[in-house]
Amino acid sequence: MPTPPLGSHEESALTVTKAFCTWGEVHAKGNVSSVPFGLDSYAEMDFVSIEFVRSQGLKPCNRKNHSHKIPSIEAAGCLAIKTYGVYHLHCTITDRWGRQFSFARPFVAMDRDPEDAPILLGRPALQEFRIVLVNSTMDWEFERKKKVTEYSTKRFKRMLRKSPVQLYEIRACLTLPDLPSESPSPNTWKQCLARIQQLKKNSKPLPTFGTYDQHFRRRRR
Ligand SMILES: [Zn+2]
């Protein structure tokens, strides 16, 4: 298999990208602290800085029925790292759409660099809370359930008459080629439809408008 060329600067340069981080709240002893939360899909457990929990006056969990067993944890290139017990934290995080979620969860306490986020949501929390990391924009959100139901025009009209539901319209952002007459750009879907029909009359069929055409036709009935 041929190796890719390493000639250009872009291909050979090392890149440093900021770690995934979000702000959240920790509720402890009647106080609310706003702190950064690291989101790390490579971490196999959820961690908290020992300095942070001590500063909050929290004590490690020693409930017998919890019987927390901390496995041996190794950091990259290091020997086993020291841990300081398990702390239950009450936290609130908010995703990029403003959806808030509060939870209580055990974290393994360890030494963390003061420069790093004191709380690290690793794979367990990311998986359980269905957190989706958007790498391109460094955003995150709770996974959304998408549900699409198709209704007949008749049923849709009946539904609208029966219940005072809010109705949203999805508009296709079409960039249509200018007509020879240089008419102004269409602003509404009705104008779009008129424009498409005019284009269809004046020219050969435009296959790329097929979907929209059908959509608009359905709306007109
Ligand atoms: Zn516990």
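Two strands are taken to pair if DSSP finds at least two bridges between them. On that basis, the predicted model contains a closed barrel of six strands. The order around the barrel is S1-S2-S6-S3-S5-S4, and the pairing is mixed. Neighbouring strands of this sheet are turned against each other by 45 degrees on average, direction ignored. Strands of a sheet pair through backbone hydrogen bonds, either parallel or antiparallel.

The protein as a whole has six helices and eight strands. From the N terminus on, its elements run α-β-β-β-α-β-β-β-α-β-β-α-α-α. Buried residues make up 12% of the 221 residues. Among contacts with a separation of 6 or more, 60% link residues 24 or more positions apart.

Confidence varies along the chain. The mean pLDDT is 82, and 76% of the residues reach 70 or more. Over residues 206–221 the pLDDT is below 50. Beyond near neighbours in sequence, this stretch has nine contacts in the model. Where pLDDT is low, the predicted coordinates should not be read in detail.

Several strand pairs of the barrel were examined. S4 and S5 run antiparallel and are joined by 10 bridges. Within this pair, Tyr87 stands opposite Phe107 in S5. S4 and S5 form a hairpin with five residues between the strands. Gly98 in this hairpin takes a positive phi near 85 degrees. S4 also pairs with strand S1 (residues 21–28). Four bridges join S1 to S4, and the two run antiparallel. Here Glu25 stands opposite Thr92 in S4. S3 and S6 are antiparallel as well, with two bridges between them. Val48 stands opposite Ile119 in S6.

Val48 and Ile119 recur in the nonpolar core. The largest such core has 22 residues. Val48, Phe107, Ala109 and Ile119 touch the most other members. At least two core residues each come from strand S2 (31–39), strand S3 (47–49), helix H2 (50–55), strand S4 (83–94), strand S5 (100–110) and strand S6 (119–121). In soluble globular proteins, nonpolar side chains tend to be buried together.

The surroundings of Ala109 were listed without its neighbours within four places in sequence. Ala109 is in contact with Val48, Ile50, Val53 and Pro60. Its other contacts are Thr83, Tyr84, Gly85 and Tyr87.

Ile70 lies in the loop between H2 and S4. Neighbours within four places in sequence aside, Ile70 is in contact with Thr83, Val86 and Val108. Thr83 is also among the contacts of Ala109. Ile70 and Val108 are 38 residues apart along the chain, yet their C-alpha atoms are separated by 7.6 Å. Is Ile70 buried or exposed? Ile70 has 13 other C-beta atoms within 10 Å, so it is classed as partly exposed. A buried residue would need 20 or more, and an exposed one 12 or fewer.

A further hairpin is formed by S7 and S8. Strand S7 (residues 131–134) and strand S8 (residues 139–142) run antiparallel, joined by four bridges. Val134 stands opposite Asp139 in S8. Four residues lie between the two strands. In the turn, Met138 has a positive phi of about 55 degrees.

Definitions and conventions
Residues are numbered from 1 along each chain as its sequence is written. This is a predicted model: local features need pLDDT of at least 70, side-chain atom pairs count only at pLDDT 80 or more; totals for chains, interfaces and linings use all residues. A nonpolar core is a set of buried Ala, Val, Leu, Ile, Met, Phe, Trp, Tyr and Cys residues joined through C-beta atoms within 7 Å. Two residues are in contact if their C-beta atoms, placed from the backbone, lie within 7 Å. pLDDT is the predictor's confidence in each residue, from 0 to 100. Axes are lines fitted to C-alpha atoms, for helices over the stretch in contact, and angles run from 0 to 180 degrees between N-to-C directions.
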